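The exercises below are meant to be worked with the sequence and the model open side by side. Try each task before reading its solution.

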Amino acid sequence: MEFLYEKRVRNFFLCFVALCVFQVCFMGLSGLFQAQVLRRALMERELGAASYLLDRGVPSTVLASAWNHREGTEAGRALLEKIGHTEQNRNYIMLLAEETSVPVLRLMAAEGILFSAILLLCLGIFLRGQERMYEKAEKIIAEYAEGRFDTHLWKGGAGAFCRLSGQVEQLALSLQAKGEAERKAKKFLQDMISDISHQLKTPLAALDMYMEILSGEAENPETVRTFSQKSLASLERMEQLIQALLKMARLDTGNIVFEKKKCFISEITMQAAGELFERARREQKEIIMEGLPDACLYCDPEWTGEAVGNLIKNALDHTKAGGTIKIAWERSPAIFRLTVTDNGCGIAPEDIYHIFKRFYRSRSSSDRQGAGLGLSLAKAIVEGQGGTLSVESSPGEGSAFRISFPVS
C-alpha cells in the first residue's frame, strides 16, 4: 500500500472507496424498495382474492383461516395446477416479477450508469492531473539541463514520485554546485590572467627600455653595469610577482594542504627574517625579536614562515631609516599570538579596511615597487590554517599586525 503515500493517489483511492460505499448503500436501499414493492403486490392480490370470495358468499371466518393455513393438500395442489399457478408456469412467475422488479431494475440501471459516469469522471480528472504534474516536472528538469534553477520540483512526501523528485532535486543541486564551481574557476582564471598581464607590464616595459639602452651603449662599461643591475632588479621583481601569484592561485583553488606539526616559533621567525636582516642593515633599520625561545605552535612551518616574512617585508617597506621592526610572540591557555610592530608611517583610516585586498596599494604609500600581494597572501595562509590576521594602526605612529591561532 505504499502507493497510498502520494497525496493525489490517496485522494483518488478515497474517492473510489466512497463511491463503492455509496454503491453498496444504494443496492441495500434498492433491495428494501424491491421488498416493499413485492409486499404491496402480494397484498393487492390477497385483497383481490378476499374481495372476490366474499362477494361469492364465502364466510369471513373461512377466509381468515385460509390466509393463516400453512399445510398443503393434494386437492389444493391439484387446483393450483389446474389454474396454472405452479413453478413450471413461467408466465405467471414473469408476470409477478414484472410487477415487482421492473421498477427496481430500472432504478438500479440508472444508478449503475450514474456510478460509472462519476467513476470515469474522477479517473479522468486524476489522470489529467497526473499528466499535468508529469509535464511540469518534465519542464523543470529541462530547465535544470539548461542550467536554470529558478523553479524546483516538489519537496516532502513519501510516495514513489516524491522520492523520485527528491533524487532529481539532489542531482539538480549537484549540477548547480558544479556549474557554480566552474563559473568561479573561469572567473578566477580570467582575473588571474588579467592580474598577471597587468602586473607584468611595468617590469617588461622597463626591461625593454633597458635592453635598448644597453644595445646602444654597449661600449660604455658604466652604463652597461648600471642598466644590467636594473635589468636584474626587474627580473627579480617579475620572479617574485609570479611566485606570489602562483601561491595565491594555489591557495584560492584549495590545492595546498597545510602539513601542520609542532614547531618552535623562534625558528620560524628567524627563518622568515633571515635575508631581511641584511636589508634592514643596509636601510639603517633594526629588527628585534622578543618571546620565549621554547614557545611552540602547531602549524605548517614553511607557509607560516612565508606569512611572517611578508609582514616583516611590509614593515620594512613602510619604515624610514632609523626605524625599528619588533617581532613578539606570547602564548595563553587559549590563544597563541604573534605580532609584527613597526614605528613607520602607519596606515590611513580610509586604507585600513582595504590593505588585505589583492593588489591594493595606498595612494600615500611610499612603496612603489610592491605589487600589493604580500598582506593578501599572509592573510590567506593564516586563515587557511584556522587563524586570524588583524591590524591596528594610526597615521604617523606605526602599525601592528597580529597573527592569532587557537591553542589545540
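**Exercise 1. Cysteines**

Decide whether Cys-263 is buried or exposed, and establish how many disulfides there are.

Solution. Cys-263 has a relative accessible area of 7% and is therefore buried, where buried means under 20% relative accessible area, exposed means over 50%, and partly exposed lies in between (1.4 Å probe, protein chains only). The model is a predicted one, in which local features need pLDDT of at least 70 and side-chain atom pairs count only at pLDDT 80 or more, whereas totals for chains, interfaces and linings use all residues. Residues are numbered from 1 along each chain as its sequence is written, and side-chain values use heavy atoms, with hydrogens and water left out. If a disulfide is taken as a pair of cysteine sulfur atoms within 2.5 Å, the count comes to zero disulfides. Cys-263 is accordingly in no disulfide, and the nearest cysteine sulfur, that of Cys-299, is 4.5 Å away. Another cysteine, Cys-345, has a relative accessible area of 36% and is partly exposed.

**Exercise 2. The protein as a whole**

State how many helices and strands the protein has, and what share of its residues is buried.

Solution. Helices (H or I, at least four residues) and strands (E, at least two) are taken as DSSP runs, numbered from the N terminus, and the protein comes to 10 helices and seven strands. Of its 408 residues, 31% are buried. With contact meaning heavy atoms within 4.5 Å, 67% of the contacts between residues at least 6 apart in sequence join residues at least 24 apart. The protein exposes about 26,800 Å², of which carbon and sulfur atoms supply 58%, the areas coming from the Shrake-Rupley method with a 1.4 Å probe; for residues, only the protein chains shown count as cover.

**Exercise 3. Helix H9**

Work out why helix H9 can be called largely enclosed by the rest of the structure, and find which residue caps its N-terminal end.

Solution. Begin with the geometry: H9 covers residues 301-317, and its 17 residues reach 24 Å from the first C-alpha to the last, close to the 24 Å expected at 1.5 Å a residue, the expected span being 1.5 Å times one less than the number of residues. Next, consider burial: 12 of the 17 residues of H9 are buried, so the helix is largely enclosed by the rest of the structure. Among these buried residues are Trp-303, Leu-311, Ile-312 and Asn-314. Finally, at the N-terminal end, Asp-300 acts as the cap, with a side-chain oxygen 3.2 Å from the backbone nitrogen of Glu-302.

**Exercise 4. The E6 and E7 hairpin**

Describe which side chains of strand E6 are buried, and in what sense E6 pairs with strand E7.

Solution. In a regular strand the side chains alternate between the two faces of the sheet. Along E6 (residues 388-394), Leu-389, Val-391 and Ser-393 point to one face and are buried, while Thr-388, Ser-390, Glu-392 and Ser-394 point to the other and are not. E6 pairs with E7 (residues 398-406) in the antiparallel sense over seven bridges, at least two DSSP bridges being needed for two strands to pair. Within this pairing, Leu-389 stands opposite Ile-403. The two strands form a hairpin with three residues between them, and Gly-396 in the turn has a positive phi of about 80°.

**Exercise 5. Two serines and a proline**

Identify what joins the side chains of Ser-393 and Ser-399, and decide whether Pro-406 is buried or exposed.

Solution. Ser-393, in strand E6, has a relative accessible area of 19% and counts as buried; Ser-399, in strand E7, is buried at 6% relative accessibility. Their side chains are joined by a polar contact of 2.8 Å (a pair of N or O atoms within 3.5 Å; within protein, one must be able to donate a hydrogen and the other to accept it, and residues adjacent in sequence count only if both atoms are side-chain atoms). The side chain of Ser-393 also reaches the backbone oxygen of Gly-398 at 3.0 Å. Pro-406, likewise in E7, is exposed at 54% relative accessibility, and, leaving aside neighbours within four places in sequence, Pro-406 is in contact with Ala-334 and Gly-386.
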